[in-house]
Amino acid sequence: MIKFLVDSGSDYDVHEAEQKGICFVPLTVDFGDKVFQDGIELKKEEFYDRIVNRGQFPKTAQPSPDKFLKFFNEAKENGDEIIAVMISSGISGTYQSAVLAKEMCGYDKIHLIDSLTAIYCIKIMVDYGIQLRDEGMSALEIVEELERLKKRINVFFVVDSLDSLYRGGRLTKMEAGIGNLAKLKPIVSIPEGKVIMLKKCIGRKKAVAGLIELYQQVDIDSRFPNYAVYTYDKSNMEMMIDKFAEKGIPIQNSYEMGATIGTHVGAGCFGIICIGDRLF
């Protein structure tokens with residue numbers, strides 16, 4: 001049997017993962033007063049309540065190799081294969097923990113994929129992998145397809161407040177302060193696994209126009225839907241969906257980002273995930 005494994009950086013709902021037979025390994029989120037297993041002990045509602053209403057800034061930590069080894073040993077005993085799609089090695093050390101666990105297990109039917117991305121992008125990859133498995137593909141064939149797919153996933157999102165980028169070391173305090181006063185709304189992405197700034201827009205409307213401009217440069221693969229993503233507050237995302245609809249661009253689903261990326265971009269963030277030849 002071919003099984004899939006994800007970490008909580010995928011933002012995969014743990015209950016949906018269990019229903020689909022997907023192994024789930026949580027990162028930890030440290031608020032100082034308490035440490036949580038992301039997606040299991042810490043739900044998105046509490047995460048955003050802590051950063052928005054309590055003014056707390058968390059740190060995330062990768063799972064230990066032992067967290068993966070449990071699933072790898074079970075697969076070895078049962079003769080199963082595992083395809084593990086991990087949060088980008090440019091964001092977290094989670095992939096390296098999985099590599100160490102595979103070495104400890106000594107089983108060559110464990111296939112590790114560094115997604116070079118995070119959030120719903122990983123779920124898109126895993127859901128597609130499950131489809132290919134059910135169509136009869138082998139594990140190696142699925143891995144090849146997912147390696148190709150990950151290079152075609154575009155994610156563009158607008159950061160509503162620069163405070164999280166400052167706390168995460170991506171902006172100085174002065175840059176964040178000036179940017180907030182100027183209502184700067186940067187558009188960021190995570191190509192090759194690192195959060196980078198693509199555009200600097202003044203105000204949400206111009207930021208949405210910037211998202212549309214970026215989307216229209218992508219040679220869209222119509223086999224996959226477009227996904228809207230947001231953090232905490234849906235209103236920005238809903239405005240974005242309306243503006244995309246005015247341009248005849250459908251967005252079929254929306255999804256709230258969790259702690260792993262929410263730590264970097266804060267509340268009020270919104271954006272789009274689309275599949276096609278990657279721009280960056």
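Student: How are the axes of H5 and H6 placed, and at what angle do they cross?

Tutor: Keep in mind that this is a predicted model. Two packed helices are described by the angle between their axes and the distance between the axes. Here the axes of H5 and H6 come within 10 Å, and they cross at roughly 150 degrees.

Student: Is H5 roughly parallel or roughly antiparallel to H6?

Tutor: Angles over 145 degrees count as roughly antiparallel. The H5 and H6 axes cross at roughly 150 degrees. So H5 is, relative to H6, roughly antiparallel.

Student: Which residues of H6 does H5 meet?

Tutor: Start on the H5 side, where the residues are Ile-124, Met-125, Tyr-128, Gly-129, Leu-132 and Arg-133. By class, the contact of the two helices has seven nonpolar, one polar and three charged residues. The H6 partners are Ile-142, Glu-145, Leu-146, Leu-149 and Lys-150.

Student: Is Met-137 buried, partly exposed or exposed?

Tutor: Met-137 sits in the loop between helix H5 (120–134) and helix H6 (139–150). Buried would need under 20% relative accessible area, and exposed over 50%. Met-137 has 26% relative accessibility, so the label is partly exposed.

Student: What is the strand order in the open sheet?

Tutor: Three strands form this sheet, and the pairing is antiparallel. Strand S4 (35–37) and strand S5 (59–61) are the edge strands, each pairing on one side only. That fits the order S4-S3-S5.

Student: Which residue in S4 stands opposite Val-29?

Tutor: Strand S3 (residues 28–30) is joined to S4 by three bridges, and the two run antiparallel. Opposite Val-29, in S4, stands Phe-36.

Terms used. Residues numbered from 1 in each chain as written. Predicted model: local features only at pLDDT ≥ 70, side-chain atom pairs only at ≥ 80, totals over all residues. Heavy atoms only, no water. Helix = DSSP H or I, 4+ residues; strand = E, 2+ residues; numbered from the N terminus. Buried < 20%, exposed > 50% of the residue type's maximum accessible area, 1.4 Å probe, protein only. Axes fitted to C-alpha atoms, helices over the stretch in contact; angles between N-to-C directions. Parallel < 35°, antiparallel > 145°, perpendicular 65-115°, else oblique. Contact = heavy atoms within 4.5 Å. Nonpolar A, V, L, I, M, F, W, Y, C, P; charged D, E, K, R; others polar. Pairing = 2+ DSSP bridges.
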